[in-house]
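Trainee: May we go through this model together, beginning with its cysteines?

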Amino acid sequence: MWRRVALFSPMMKKSSSSRSLTLNQKGFGLKVGESFATEIINPEEGVSPPKEKAPFITFVLGGPGSGKGTQCERIVETFGLTHLSAGDLLRREIAFNTKNGAMILNLIKEGKIVPSEVTVKLIQKELESSDSRKFLIDGFPRTEENRVAFERIIRADPDVVLFFDCPEEEMVKRVLNRNQGRVDDNITTMKKRLKIFEALNRPVIDYYENKGKLYTINAVGTVDDIFQQVLPIFSSFEQLKECRHVNPKSPLGSSLVENSS
Ligand SMILES: Nc1ncnc2c1ncn2[C@@H]1O[C@H](COP(=O)(O)OP(=O)(O)O)[C@@H](O)[C@H]1O
Ligand SMILES: Nc1ccn([C@H]2C[C@H](O)[C@@H](COP(=O)(O)OP(=O)(O)O)O2)c(=O)n1
Ligand SMILES: [Mg+2]
């Protein structure tokens with residue numbers, strides 16, 4: 001019978017025979033000496049190579065203007081996750097006029113989705129260069145193609161998928177008042193974005209619902225009200241407890257464990 005044993009291994013070695021271990025370490029810049037691992041023991045064959053614990057990944061879904069970015073800021077303040085906004089990464093390509101910049105700008109103006117390979121590679125670069133082990137990936141995956149490309153390139157699954165559920169008229173109102181000078185914050189692009197959201201994001205939501213990973217949040221109300229629905233989701237994950245930040249502004253801030261890492 002197989003038995004899984006948790007251990008802390010200060011000098012753990014990489015296994016050249018374990019593909020996912022190698023990818024995880026390269027992909028997420030794991031600090032081997034600091035990481036927790038699980039070891040699989042088969043009494044007949046002895047100890048198999050230790051397996052790295054994968055980083056904690058949250059996907060943040062919701063229509064344009066549903067409040068994803070706003071709630072991500074609150075999650076970061078409270079739980080110390082690293083926020084990667086797919087839209088911000090794409091807008092950075094436009095701002096730096098990279099080889100994909102003009103193509104990305106045209107698609108965003110039209111409310112269309114950028115080819116998954118481009119977006120996933122940008123996310124991959126951020127994951128690889130970060131020391132963090134806990135990520136919020138905001139505005140991704142927007143399509144089944146996005147989701148499949150992430151699985152293929154990053155070889156990881158999300159632990160949590162948040163879906164900010166917001167009526168269209170509220171999203172339109174918020175986007176038209178957003179005032180961040182975005183080329184897509186106008187009624188023409190917004191109408192196109194809402195159609196694309198319904199057609200392409202819904203299957204992603206259904207996919208994670210069926211996997212039992214989806215947390216649907218009612219995105220109508222004050223920012224605080226909405227965050228009150230988000231708090232217990234993250235509070236229930238052991239991985240996040242050890243790095244929680246005390247947020248004096250949060251109503252539950254004083255009950256949170258101070259960050260010791
Ligand atoms: N609960 C809320 N009620 C009213 N306005 C909000 C709320 N949450 C966010 N907003 C505002 O709505 C706009 C869109 O929010 P944002 O976080 O950028 O959404 P998303 O990232 O989903 O497009 C911003 O101007 C933001 O300040
Ligand atoms: N996974 C993604 C995320 C964003 N994009 C493009 C298309 C989106 O309309 C724009 C803006 O995305 P962003 O997440 O910043 O938009 P909202 O915050 O939801 O208004 O970027 C994409 O093509 N693929
Ligand atoms: Mg956003």
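**Cysteines and a helix**

Trainee: What is the relative accessible area of Cys 72?

Mentor: Residues are numbered from 1 along each chain as written, chains are lettered from A and ligands numbered from 1 in written order. The model is predicted: local features need pLDDT of at least 70, side-chain atom pairs count only at pLDDT 80 or more, and totals for chains, interfaces and linings use all residues, while side-chain values use heavy atoms, without hydrogens or water. Cys 72 is buried, which means under 20% relative accessible area, with exposed over 50% and partly exposed in between (1.4 Å probe, protein chains only). The value for Cys 72 is 0%.

Trainee: How many disulfides does a search of the whole structure find?

Mentor: A disulfide is a pair of cysteine sulfur atoms within 2.5 Å. By this criterion, the number found in the whole structure is 0.

Trainee: How far away is the cysteine sulfur nearest to Cys 72?

Mentor: Cys 72 is in no disulfide. Its nearest cysteine sulfur belongs to Cys 166, at 15 Å.

Trainee: What arc do the buried residues of α6 cover around the axis?

Mentor: Helices are DSSP runs (H or I, at least four residues), numbered from the N terminus, as are strands (E, at least two). In α6 (residues 144-154), the buried residues are Asn 146, Arg 147, Ala 149, Phe 150, Ile 153 and Ile 154. They lie on the same side of α6 because their arc, taken from the directions from the helix axis to the C-beta atoms, is only 165°.

Trainee: Which residues are exposed on the other side of α6?

Mentor: Opposite the buried side, two exposed residues are found. They are Glu 145 and Arg 152.
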